[in-house]
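Q: Could you take me through one part of this model at close range? I'd like to follow a single residue and its surroundings.

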Amino acid sequence: GGPVKEFTGEEVAEHCTRDKRVWVTYKDGVYDVTDFLDMHPGGAQRLMLAAGGALDPFWAMYAQHNTDEVRQMLEGYRVGTL
Ligand code: HEM
């Protein structure tokens, strides 16, 4: 593959509103999920709880995310790596 952009946790944390774009991390992946907010089956408000930070603890609580389909969907929003 091509070059992979690397971001710090601080940079990710700045992206915590729709205006600044909503980024989340999952494992070492960094994702811009702004365009997914209004498509989230669990609602935009719940997704915003993870804005600027890690999805992992939320996905551990809500096991319906633990499928290849959901992980592939997330990969579609990848902007880089931590
Ligand atoms: C459901 C994706 C973040 C809570 C779902 C489903 C998808 C999805 C595809 C449907 C799963 C199915 O039933 O087949 C995502 C993505 C996220 C994200 C891509 C991040 C970018 C979150 C967060 C929370 C959350 C942070 C909780 C704080 C839920 C809940 C449901 C759900 C409660 C079930 C909704 C229902 O069936 O009524 N999510 N999710 N999600 N998600 Fe998320």
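A: Happy to! Let's start from Val33, which touches Val22, Val24, Leu47 and Tyr77 once residues up to four places away in sequence are set aside. Keep in mind that this is a predicted model. Along the chain, Val33 is found in the loop between strand E3 (29-32) and H2. Val33 counts as buried because 24 C-beta neighbours lie inside 10 Å, and the cut-off for that label is 20 or more.

Some of those contacts return in the largest nonpolar core, which has eleven residues: Val12, Val22, Trp23, Val24, Val30, Tyr31, Val33, Leu47, Ala50, Ala51 and Leu55. Strands E2 (21-26) and E3 each supply at least two residues of this core, and E2 gives the most, with three. As background, nonpolar side chains in soluble globular proteins tend to be buried together. Another core member, Tyr31, is in contact with Trp23, Val24, Tyr26, Leu74, Tyr77, Arg78 and Val79, leaving aside its neighbours within four places in sequence.

Now for the ligand. It is surrounded by 18 residues, and the closest are Val33, Pro41, Gly42, Ala50 and Phe58. Helix H2 (44-48) and helix H4 (68-75) are the elements that give two or more residues to this shell, with H4 giving the most, three residues. By class, the shell has 13 nonpolar, four polar and one charged residues. Val33 therefore belongs to both settings, as a buried residue of the nonpolar core and as one of the closest to the ligand.

Definitions and conventions
Residues numbered from 1 in each chain as written. Predicted model: local features only at pLDDT ≥ 70, side-chain atom pairs only at ≥ 80, totals over all residues. Near = placed C-beta within 6 Å. Helix = DSSP H or I, 4+ residues; strand = E, 2+ residues; numbered from the N terminus. Nonpolar A, V, L, I, M, F, W, Y, C, P; charged D, E, K, R; others polar. Buried ≥ 20, exposed ≤ 12 C-beta atoms within 10 Å, placed from the backbone. Contact = placed C-beta atoms within 7 Å. Core = buried A, V, L, I, M, F, W, Y, C linked by C-beta atoms within 7 Å.
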